[in-house]
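Thank you all for coming; I would like to use these few minutes to walk you through one part of a structure that may be new to most of you. Please have the sequence and the 3D view open while I talk.

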Amino acid sequence: MTFIRPEVRALLSQWFDALIGVATFSLGSFWMLASGGVLRWVGVAIAVIGAALVFTGIQRARFQAAKGGPGVVSVDERQISYFGPLSGGTISINEISMLMLDPSAKTAAWRLTQPGQPELAIPLNAECAELLFDVFASLPGMKTEYMLSQLKNQPAQPVVIWSKSVTTLH
């Protein structure tokens, strides 16, 4: 039996990384301010790690969309797989040539392009779509803040978020 409402549980899950960062930063700050010697320097290191966790946790929380969309995303051995009710496929992370945000479809989707393969469309709200954050963040030259701002602004037309051949100037 659970005493936490499903909406609250979902919110805590979305912001979990940032909350862990706040707790880590708080512990490090306490040791840094209340101790001396070696423990003070350990506190500084822990506070810096906590601040980094807060920053990345906030980015992850901003990336997550509502749940309950069609299909399931899987990331395994440098491969992104999407299994949907009407479509699906697999694409190599190393071979991605373009990442687009396409809000024009019935369900807004990520569109991944790989040379010689059909384009892979993954709904933003697909099950486990949050796994794509780390994949997208690891693309060389990816501007994570630009991607997050486009998600928030919900553009009317498809937007190129990242391209291997062209360096975006955002």
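In this predicted model, four strands come together in an open sheet, and reading across it the order is β6-β5-β4-β7, with antiparallel pairing. At the edges sit β6, covering 120-123, and β7, covering 159-163, each of which pairs on one side only. From one strand to the next, the twist averages 20 degrees.

Let me stay for a moment with one of these pairings. Strand β4, which spans residues 98-102, runs antiparallel to β7 and is joined to β7 by four bridges. If you would like a place to start looking, find M98, whose bridge partner in β7 is S163.

Now, which strands does helix α5 touch as it packs on the sheet? Helix α5, made of residues 144-153, touches β4, β5 (109-113) and β7, and its direction makes about 160 degrees with that of β7.

Helix α5 also has a helical neighbour to consider. In general, two packed helices are described by the angle between their axes and the distance between the axes. Here the axes of α3, residues 38-63, and α5 come within 10 Å and cross at roughly 35 degrees, and the crossing in which α3 passes α5 is left-handed. On the α3 side the contact is made by Q59, R62 and F63, while α5 contributes T144, E145, M147, L148, S149 and L151. Sorted by class, this contact of α3 with α5 has four nonpolar, three polar and two charged residues.

Technical notes. Residues are numbered from 1 along each chain as its sequence is written. This is a predicted model: local features need pLDDT of at least 70, side-chain atom pairs count only at pLDDT 80 or more; totals for chains, interfaces and linings use all residues. Side-chain values use heavy atoms; hydrogens and water are left out. Two strands pair if DSSP finds at least two bridges between them. Helices (H or I, at least four residues) and strands (E, at least two) are DSSP runs, numbered from the N terminus. Axes are lines fitted to C-alpha atoms, for helices over the stretch in contact, and angles run from 0 to 180 degrees between N-to-C directions. Contact means heavy atoms within 4.5 Å. A crossing is left-handed if the near helix is turned anticlockwise from the far one by less than a right angle, and right-handed if clockwise. Ala, Val, Leu, Ile, Met, Phe, Trp, Tyr, Cys and Pro count as nonpolar, Asp, Glu, Lys and Arg as charged, and the others, Gly among them, as polar.
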